[in-house]
Every structure is written in structure tokens, then in C-alpha cells.
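Please open the model in your viewer with a cartoon representation and keep the sequence panel at hand, since each stop of this tour is a selection followed by a short account of what is found there.

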Amino acid sequence: MTLQNRTLGTTSPLTVSALGLGCMGMSEFYGTGDEDQGIATIHRALDLGVTFLDTADMYGPFTNEQLVGRAIAERRDEVTLATKFGNERLPDGTRVGINGRPEYVRAACDASLQRLGVDHIDLYYQHRVDKTVPIEETVGAMAELVEAGKVRHLGLSEASAETIRRAHATHPVTALQSEYSLFTRDLEDEILPTIRELGIGLVPYSPLGRGILTGAITSESSLEENDSRRSAYFPRLNGEGLQANLKLVDAVRAIAEEKGCTPGQLALAWVLAQGDDIAPIPGTKRVKYLEENVGAADVQLTDADLAALAAAVPRDAVVGDRYGDMSSIDA
């Protein structure tokens, strides 16, 4: 396992491990969480050089930041810590909506710092774009956090090319976090060229297609009953969409067998091969899967491999939208 570093952004560059760790599933959404198991996974990640940790205030809600904070309490100097604001929730889990108002930005940051038990956040994202607030106002408030020393670098998530340009003109944006994988490639049209023009790195979430590209999801019943991926909110993982998409996974598995790696490692290697300005954050709550993911860094793809994957998973072959409701995605 030879995990290298990558640099996100050029105007406000941030060095991160080539693979990060998405911590969301340790607390919510993907079945029952186990705090001890989550902390053990984070500690193992740091031991393996996976030092780019990703969380958000809305995961839990609030409890995932607390978990990450406990896990890194004695190892803060090893960690590049990213969290997010903007998907406002109440303590009981009720979703309030998307909030990008400057006063909320400031309050959310202070609350995250407290929960994480740190004096600064390395990369602070707007989790979703608030279409009722000019992006210049939101990013202006985020810039104040940088000036105050509470935040080191700024990021956006699921923002359109136009929003990214306006945000970057207000304050340098280091990274865009958006969904990107063999199964989700629409940002290649306009967004990826835009961020490369501006010198902004890409942090792909769900680089394993929410787990389907690992081969572990074989039917709806292969997930825990309280796993949100079983719901209609994820059309690609249910019903006809799932059955069609599993055929694509079979094609990926066949190529992986030829390469001597797992389907998940092959899918992650594909994301890593898309550019040195890309640092994916596969999420897991188990040490076993973390170690498998790190192994993807040693999978070298040839031009022939990339061509085979392009043929096996044509860009528009995936059945179903990313979300059952795409209204929160900036377009």
C-alpha cells in the first residue's frame, strides 16, 4: 500500500492524502452505526496514511462531528479535516432546509468547531447551494471565517459552473465536492473543465456508487432494513434500476478479475486515474473495507484498461437518477 498525497487547488492549495475517508455512514443513513467501530476505522485510516477526513454537521445530525472529534483528539496534527454546513437540521433529525445566510454560516462554523474539539477546520464546504441567498454573500461570510483563523480553505458541494465562478471571484475556492464515479460522470461536461480552468480541485463523494460498484449490493435485501439506500430516494439501487445496474457491475467485476483486484478497487483506481487534482473520499465504517479501498492506490490502469472500462460502463448506461429528488442540486 503506497498512498501518496495530492494537491487540491492552486490559488489556495491544500495538500491531502490521495484517498480520503468519508465518515458519514459511521453515524447515519447506511444502516446502524457503531461508534467504537467508527473510531477504530478512523485510527486505522490514519495509520495507513488516509489523513483526509470528511464529515458534516448534518450527519447524525451533529453526532458524526462528535465521533470524528473523539477519534482525532490525540492525533489532530496528522489530520486534514473537512466538514460542511448548509443542510440545516434540528437535533431530532428534522430537516429545516438549505441555509446559506451569513449569520447561519458563522453560527454553524462555531458549533462545528465545538463538536469537533478543534480550533480550526482545514476545509469548510457549503454542503448545498442556497438558491435564495446570493453565493457572494455566503462565500463572503465563509471568507470572514478564514480571516478569523477558524477555517483554512473553502469548498463548495454540488455547485453549478456559474455558481463556482461567482464564488471563486469572491474568495478562492480550494475544492469542489460532488458525486463522481464510473456511474456518475455528468460533471465532465461543464463543471470539471470549469474547476480546472479556475484551479480548483475535485473531491468525489460516492466514488463507489454508494457501494454498488464494490459488488456487495446484490439486491435490496442485501442492505440493512434501516439503510436509506433501500428507499426510493436512490432509484439506482432499487427495482428495475438496480437490476439493470448490476449487469454493469458484473462487467466491472470481470475486468477486475483480470487485473487481480476487487471491483471496488478497480472503480476507485479509475477515479484516481482521472487526474492528480482529484482526491476521492470513499466512505466506510469498517476497517476491512477501508483497507480494501487503500489497496486501490496500487492498482495501475493502462490505456487498454481505461478503454475496457469505458466500454463496460458507457457513460449514459446507468439506469436511474442519482437521487429521487434532484431539486437540491445546483444547476
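A residue is called buried here if its relative accessible area is under 20%. Bear in mind throughout that this is a predicted model, and that every value quoted below is computed from it.

**The sheet**

Begin by selecting strand β10, residues 175–179, where 5 of the 5 residues are buried, which leaves the strand mostly covered. If you show its side chains, Ala175, Gln177 and Glu179 point one way while Leu176 and Ser178 point the other way, and all are buried.

Now widen the selection to the sheet around this strand, an open sheet of 7 strands in the order β3-β4-β5-β8-β9-β10-β11, with parallel pairing. Which are the edge strands? They are β3 (20–22) and β11, each of which pairs on one side only. Looking across the sheet, you should find a twist that averages 25 degrees from one strand to the next.

Next, step through the pairings one at a time, starting with β4 and β5, which pair in the parallel sense over 3 bridges; to place this pairing in the viewer, label Asp54 and its bridge partner in β5, Ala82. From strand β5 (residues 80–85), 4 bridges lead to β8, again with the strands running parallel, and here Lys84 stands opposite Tyr125 in β8.

Pause on strand β8, residues 121–126, and colour it by accessibility. Is it enclosed or open to the outside? Because 6 of its 6 residues are buried, β8 is largely enclosed by the rest of the structure. On its way to strand β9 (residues 151–157), β8 is joined by 5 bridges, and these two strands also run parallel, with Tyr124 standing opposite Leu154 in β9. The walk then returns to its starting strand, since β9 and β10 pair in the parallel sense over 3 bridges, with Leu156 standing opposite Leu176 in β10.

**A buried serine in a helix**

Select Ser112, which has its place in helix α3, residues 102–116. With a relative accessible area of 0%, Ser112 is buried, and if you leave aside residues up to four places away in sequence, it touches Asp57, Glu65, Thr83 and Ile121.

**Two helix pairs**

Hide the strands for a moment and show helix α1 (residues 35–47) together with helix α9 (residues 287–294), whose axes come within 9 Å and cross at roughly 25 degrees. How are α1 and α9 oriented to each other? An angle under 35 degrees counts as roughly parallel, and α1 and α9 are therefore roughly parallel to each other. The crossing of α1 past α9 is right-handed. To see the contact, select Ala40, Thr41, Arg44 and Ala45 in α1, which meet Val287, Leu290 and Glu291 in α9; by class, this contact has 4 nonpolar, 1 polar and 2 charged residues.

Then move to helix α4 (residues 135–147) and helix α5 (residues 161–170), which pack at an angle of about 40 degrees with their axes 9 Å apart. That angle makes α4 oblique to α5. Here too the crossing, of α4 past α5, is right-handed. On the α4 side choose Ile135, Glu136, Val139 and Gly140, which meet Thr163, Arg166, Ala167 and Thr170 in α5; the residues of this contact divide into 3 nonpolar, 3 polar and 2 charged.

**Backbone exceptions in the loops**

The last stops concern the backbone, and a general point sets the background: most residues other than glycine have a negative phi, and most peptide bonds are trans.

Select Gly60 and Pro61, which are joined by a cis peptide bond with omega about -10 degrees; Pro61 lies in the loop between β4 (52–54) and α2 (63–72).

Continue to Glu158 in the loop between β9 and α5, where phi is near 55 degrees, a positive value in a residue other than glycine. Is this residue, Glu158, buried or exposed? At 6% relative accessibility, Glu158 counts as buried.

Finish at Ser206, found in the loop between β11 (201–205) and α7 (239–259). Ser206 has a positive phi of about 50 degrees although it is not a glycine, and with a relative accessible area of 14% Ser206 is buried.

How values were computed: Residues numbered from 1 in each chain as written. Predicted model: local features only at pLDDT ≥ 70, side-chain atom pairs only at ≥ 80, totals over all residues. Heavy atoms only, no water. Buried < 20%, exposed > 50% of the residue type's maximum accessible area, 1.4 Å probe, protein only. Contact = heavy atoms within 4.5 Å. Axes fitted to C-alpha atoms, helices over the stretch in contact; angles between N-to-C directions. Parallel < 35°, antiparallel > 145°, perpendicular 65-115°, else oblique. Left-handed = near helix turned anticlockwise from the far one by under 90°. Nonpolar A, V, L, I, M, F, W, Y, C, P; charged D, E, K, R; others polar. Pairing = 2+ DSSP bridges.
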